[in-house]
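Student: Could you take me through one part of this structure up close? I'd like to see how it sits in its surroundings.

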Amino acid sequence: MTAYILRRLLQTVLVVLGVSALAFGSMFLSGDPTMVMASESWTREQIEEFRHQMGFDRPWLVQYVDFLSRAVRGDFGDSLRQQQPVFRLLLQRMPATIELALAAMLIALGIGIPAGILAATRRNTLMDRLLMVGALIGQSMPVFWLGLLLAMVFAVTLGWFPVAGRGGWNHLVLPAVSLGLFSVAYNARMTRSAILEVLGQDYIRTAQAKGVPWRRVLSRHALRNALIPVVTVAGLQFGGLLGGAVITESIFAWPGVGRLTIQAIQGKDLPLVQAAVTVLATIFVVLNLIIDLLYAVMDPRVRPR
Amino acid sequence: MTSRPAALPAETGPPRRRRRRWPPLAAVVALAFLAFLAVLAVLAPVIAPHPPARVAMAMRLSPPVFAGGTWTYPLGTDSLGQDLLSRIIFGARVSLLVGVCAVLISGGLGVTLGLVAGYLGGALDDVIMRIAEIQLAFPTILLYIAAMATLGPGLEKIIIVIGVVGWVSYARIERGVVLAVREQEYVTAAQAMGARTGLILRRHVLPNTMAPMIIVASFSLATTVVTEASLSFLGLGVPPSIPSWGSLLADGRDYLRQGWWITTFPGLAIMTTVLAINVIGDWLRDALDPRLRV
């Protein structure tokens with residue numbers, strides 16, 4: 001077990017290094033980050049001065065090592081537009097994003113799993129068909145369109161919820177629903193097929209043959225086994241929701257990391273974009289690590305020899 | 001022992017009982033819809049009632065015909081008085097073009113890398129799969145945003161970015177299938193006969209891994225259409241001068257109260273397209289390879 005944990009930790013360090021390299025490299029996709037960030041009115045001297053000030057005139061490798069060694073200490077430089085350390089800006093916005101992702105996660109699991117169970121246990125009935133068609137539509141709906149529709153109907157027309165901003169729970173409802181619906185649909189479909197697969201297993205037939213009541217077969221024997229993959233995916237989903245928040249936040253003016261990132265892009269504030277991408281991706285990687293380790297503790301079959 | 005004619009199927013392996021079956025009704029409807037959309041996209045300049053960029057400020061925010069508008073603008077107009085229907089028809093071009101081109105790029109890249117990784121194994125396999133893991137560790141939308149933020153909007157740019165980023169799922173699944181196919185007798189036979197690796201890969205391995213790749217491609221087409229729309233919505237996709245479903249929605253966002261149709265119809269176009277692709281993907285998966293069922 002210790003060997004597994006150590007190997008998994010080492011792997012995570014490698015992946016985080018790769019993530020940082022990607023985030024760093026993305027800045028150079030256009031060839032010259034100085035020109036991306038430079039204002040059109042600058043003179044050539046001002047551009048060169050800026051280039052030197054940002055350190056873009058150094059060799060790539062030197063820049064990357066410098067970026068990495070500062071990033072480890074939480075120093076991603078200063079924002080170009082808001083004269084503040086980028087990392088502090090991110091930390092300020094992080095709670096809002098996590099709150100939104102958690103709420104969406106709650107919706108995704110709280111509605112998705114019961115819907116999947118309902119569909120699986122009433123297989124081939126009208127209820128099953130309706131739920132699965134609903135799930136397919138839910139999966140085909142772009143998050144940002146759903147967000148706009150919800151805002152239009154429930155905020156602008158009916159006035160039940162505020163259009164934008166963060167405040168009480170009623171501010172949270174629309175963004176969380178629009179962010180979570182795709183995962184609701186996904187979880188419903190996955191839960192359904194996981195249960196159907198488990199129901200075909202021998203131990204279910206054995207339990208039934210012993211005369212165990214059907215409800216108990218479902219809750220004790222089927223669900224426990226069927227939900228293992230669902231829970232694993234849920235962990236990954238949370239990371240996905242953190243990323244997806246970028247779009248939802250900008251629709252509902254939710255003051256989180258996502259909106260900050262989009263504003264940074266519009267303001268050509270590349271250090272902020274780079275830091276936001278690195279930090280979100282690192283959270284995602286660490287989450288995956290935690291899930292894998294938990295999984296190994298819970299399910300002995302996963303534990304490698 | 002009597003010798004058996006070579007044409008008969010071998011007795012090992014499961015009995016073949018594949019009947020020719022018509023696809024389910026939903027898949028037929030979905031295929032017809034996509035075909036219709038493709039025709040619309042190709043013939044857009046002929047079919048669209050107005051040039052997509054013709055501004056008519058006097059007619060701005062005119063409602064669709066069934067909500068008190070006129071037949072001149074069946075789905076209403078946007079904030080500049082441009083015909084929404086025409087812009088949606090032209091938007092289909094962007095969605096389909098980006099979708100198909102990006103899928104071709106990521107499919108080509110991913111299948112090649114997966115093929116090589118799975119068949120040759122060794123250090124190359126390790127390197128390719130580690131890179132795949134690193135990329136999977138990134139929430140994809142962030143990767144797109146980071147790339148498009150530095151590159152700036154552009155039709156070719158978005159095709160290349162989505163295409164290049166999308167290789168991972170093809171490569172991982174292709175590699176898995178290749179690992180199984182590699183051990184088949186026909187591959188061993190080809191190896192024994194001294195066939196070159198390139199030939200074995202092209203003739204014997206690749207064709208036997210196509211079914212799962214077609215399924216992956218159909219689902220990745222659906223995500224590509226959504227991704228392009230999302231990026232264009234954020235102003236990071238195609239430039240504003242080209243009408244795209246995503247950028248139409250970005251326009252509608254400022255007129256949720258006065259012009260519900262600007263938000264509703266382009267979104268419906270995205271959703272039905274993606275739904276149709278997903279229905280076909282589900283059908284292909286069930287028909288070609290039920291093991292991949294999610």
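Tutor: Sure, let's zoom in on α5(B), which is mostly covered: 10 of its 12 residues are buried. Buried here means that 20 or more other C-beta atoms, placed from the backbone, lie within 10 Å of a residue's own (12 or fewer is exposed, in between is partly exposed). Keep in mind that this is a predicted model, where local features need pLDDT of at least 70, side-chain atom pairs count only at pLDDT 80 or more, and totals for chains, interfaces and linings use all residues. Residues are numbered from 1 along each chain as its sequence is written, while chains are lettered from A and ligands numbered from 1 in the order in which they are written.

Helices are DSSP runs (H or I, at least four residues), numbered from the N terminus. The buried residues of α5(B) include Ile141(B), Leu142(B), Leu143(B), Tyr144(B) and Thr150(B). How far apart are the end C-alpha atoms of α5(B)? They are 17 Å apart, which agrees with the 16 Å that 12 residues should span at 1.5 Å a residue, because the expected span is 1.5 Å times one less than the number of residues. After α5(B) comes Gly152(B), with a positive phi near 85 degrees.

Now for the neighbouring chain. The contact takes 34 residues from chain B and 45 residues from chain A, where two residues are in contact if their C-beta atoms, placed from the backbone, lie within 7 Å. On chain B's side, the elements giving two or more residues include α5 (140–151), along with α4 (122–136) and α12 (260–288).
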